[in-house]
Structure formats: C-alpha cells, structure tokens
Amino acid sequence: MPAAPGPDHEIAIPPALIPRDGRFGSGPSKVRDEAVAALAAVAHTYLGTSHRQEGVRSVVRRVREGLRELFALPDGYEVVLGNGGSTLFWDAAAFGLVERRSSHLVLGEFSSKFAAVTAAAPHLADPEVERTDPGAAPRLIAAPAGDVYAYPHNETSTGVMVPLHRPAEGDPLVVVDATSAAGGLRASARAYDVYYFAPQKCFASDGGLWVACCSPAAVERIERIRASGRWTPPTLDLGIALENSRQDQTYNTPALATLFLLAHQVEWMLGQGGLEWAARRCDRAAEIVYGWADAHEYATPFVAETAYRSHVTATIDFDDRVDAAAVARTLRAHGIVDVEPYRKLGRNQLRVALFPAIEPDDLVTLTRAVDHVIACLVG
Ligand SMILES: *Cc1c(COP(=O)(O)O)cnc(C)c1O
C-alpha cells in the first residue's frame, strides 16, 4: 500500500532546481562518473585478476605514491593500507599503536568510538578522555597522559573540524582520524604521526579499506610493539600490514574496484593542482552552504564558531517552523539524497557533504531546491 500522502509528498521541485548530481552524502559519497567509466574501460584486464600480480600491485603503488605526493609526506613517512575501513583501524591501533594508554579528544560519535575501543581493551590502561559538547569549540589536551594522542581532523557526525596540532607537552604519537578530512582539508605531515582514513569520503571511492600515512615514529612504534610479542590477531596486526604495504599488497584480498577508484581520484586531484586545489574547492563549497545558511531566515550553521565549521561536511540547523526531515524526504523523492543529519545527533538539521568530487554549482542548486521546498512547506 502506498504511504498516506502528507504535505511533503505533494511538493514538486522544478527541474531547474535539481542538481546535475544529487549525491550529497557524507559517506559513502559521490563517485565521479569519469572514475566509473575508467574502471569499466579496464574491467577485462583488471577486475577479477590476482591481487598478487603486477596489474593490481601497480594500482596499489599508484595509490601509495599518489598519496605520498598529495600529502607531501617527508622522507621516512610510509603509506600503509589494509582491509576493514577506519573502524577496523581503531581496533588495529589499540593493538599496534597504543603502548600502554591513549588520550582522546571526543567531539561526537566517531571520536567516541575510538575511545570506547581503547577503554574496552584488556591490555591497555583506561584512556584519558576530554569531551566537548557536539558542535562546540574543541577542548584540547595540552599535556596528554597517554602515549597516543587521538583526535579527529573532522568529526563527521557534527561537522566540527579540529585544527591539526601537536600537544604542547609530552611526546605522544599524534594519531588523527582523517576519514572525512583527508583530501579536502589542508594537512601538514609534521603535525601528525598517523593520518588515517577510508576512501569513501573525499577520495570518492567505495568503503572497506583503511589507509594510514605513518611517520617514522609511528613505524618505529608499530615495529617495537610487534617485537614485544603482544598477541595480536593477524588481520589487526599493523606490522603485517606494513610488510605487505611495502610490497604494494594487502594481507588478504582487497576490493579491486575500490583501489582503482581511489587511485583515479588521487590522480585527478594531483592533476588539478593537488591538496591545495582540493582544499580551496572545499573552502568555496563551505562558503556557498554556510553563506546561504547565515543569510537564511530559518537556517543557522550548527557550529557557532566559524573557525570550527567543517569545510568538508556542513551541518545546518533549522528553526521550529521547518521540519528538516520533511525537507530531506522531499529532496530524496527527487533524487537528491543523503542530506539527513547524523542519526544519533537527533537535531532538526541537514548535513551536506562538501567533498572535492561535489560540484560547487550543484551545491548552489541544492540550496535553491531547499529554499523551494521550505517555501512550499511553510507556505
Ligand atoms: C566515516 C567515518 C569513520 C568510519 O569509517 P568506516 O570506513 O565506515 O569504518 C570513522 N571516522 C570518521 C571521522 C568518519 O567520518
């Protein structure tokens, strides 16, 4: 039986207000048509071939070398990768990066999940946790007690970006969750020891992989913990991942399409001008969406302080006169998808990805579509 028609079912968005590409989700996110076409073109020679042979290993090499260039990694930094996404990397880090205790900045759902992993690990001391209310200016730890200092570059659940920083005191490994930031925000390698991410956000590929840019200190930590004989499940063993990555392989079979789309996106970014180009494009996207919200009668950026408003995932609150869920439903019915807020945040909000693959012009059109829907809903 069809759903009972509510007022939002009757709203029609005129074709001129429909973006050319309607994918604005914060992950999985828009995959560029050019990358999909390039994948289709190599389908018979690449897909379904052995990941231990040169064909696939050359793609892993392109990923590793491309990321090294994109992030201007200094000598001694290594690009390590494996299966399982950023969520698996938290488990692997609890085994292979944290020696005794970690310190965490928790700003929302994703950063809290890593802190929960180390809190539950029986071989580690209870983590030090500094919590910030969702959307507020991040509280930092000046002198972390842990040997790992973990924070997100962008907390995707709230749209807060954290400036990359090393603590003023102590010498912990700085381990940054860059899942939604990497490739869209500026990042100096000197500020981190581990910068890890997954390819389904700024890198416009699919999920299931994790990638970590590791400093010499991080590599040394991985090797030292490994030599200490700590029991580690092999799939979570960063030492094994490091050995395989050095040979342009993964420990077990990776998703070949994901690797290909990632390589394609990295090379697209490099061809356009690299990370600075991508970051400027995200700045422009942020200007469009926050500028629109700031000027809006019903909308306000969720993050009050402009310095912390994410340039990769924008969160926009609406006042009581607008039902944001109804707006998102109407957009979805027209093929404009995934602008719902992070479910557990529970706000009257829309969240819009500003990733490099997303055309700024499409964001302009999106804001017009939202205005149109609001005008119809509010009357
Ligand atoms: C998406 C996201 C994750 C989870 O990534 P998976 O690849 O799904 O495990 C972790 N941290 C942040 C900041 C994210 O945006």
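Colleague: What makes W90, H104 and D177 lining residues of the second largest cavity?

Modeller: Lining residues have an atom within 4 Å of a cavity point, so these three qualify, as do L105, F110 and Y196, among others. The model is predicted: local features need pLDDT of at least 70, side-chain atom pairs need 80 or more, and totals for chains, interfaces and linings use all residues. Numbering runs from 1 along each chain as its sequence is written, and side-chain values use heavy atoms, without hydrogens and water.

Colleague: Why is this space called a cavity?

Modeller: On a 1 Å grid over the protein atoms alone, a 1.4 Å probe fits at its points but cannot get out. About 50 Å³ of space lies in it, counted as the space filled by probe spheres set on the points. The search finds two cavities of 30 Å³ or more. The largest holds about 70 Å³.

Colleague: What makes the lining of the largest cavity eight nonpolar and one polar?

Modeller: V289, W292, I316, F318, L350, V352, L366 and V370 line it along with T367. Val, Trp, Ile, Phe and Leu count as nonpolar; Thr falls among the others, so T367 is the polar one.

Colleague: How do you know that D177 makes a polar contact with the ligand?

Modeller: A polar contact is a pair of N or O atoms within 3.5 Å. A polar side-chain atom of D177 lies 2.7 Å from a ligand nitrogen, so the pair qualifies. T87 and T156 pass too, at 2.5 Å and 2.4 Å, each to a ligand oxygen. The protein covers 87% of the ligand's 390 Å² of accessible area (Shrake-Rupley method, 1.4 Å probe).

Key
Polar contact = N/O pair within 3.5 Å; in protein donor to acceptor, adjacent residues only side chain to side chain. 1 Å grid on protein atoms, 1.4 Å probe; cavity = no way out; pocket = protein on both sides within 12 Å on 5 of 7 lines; lining within 4 Å.
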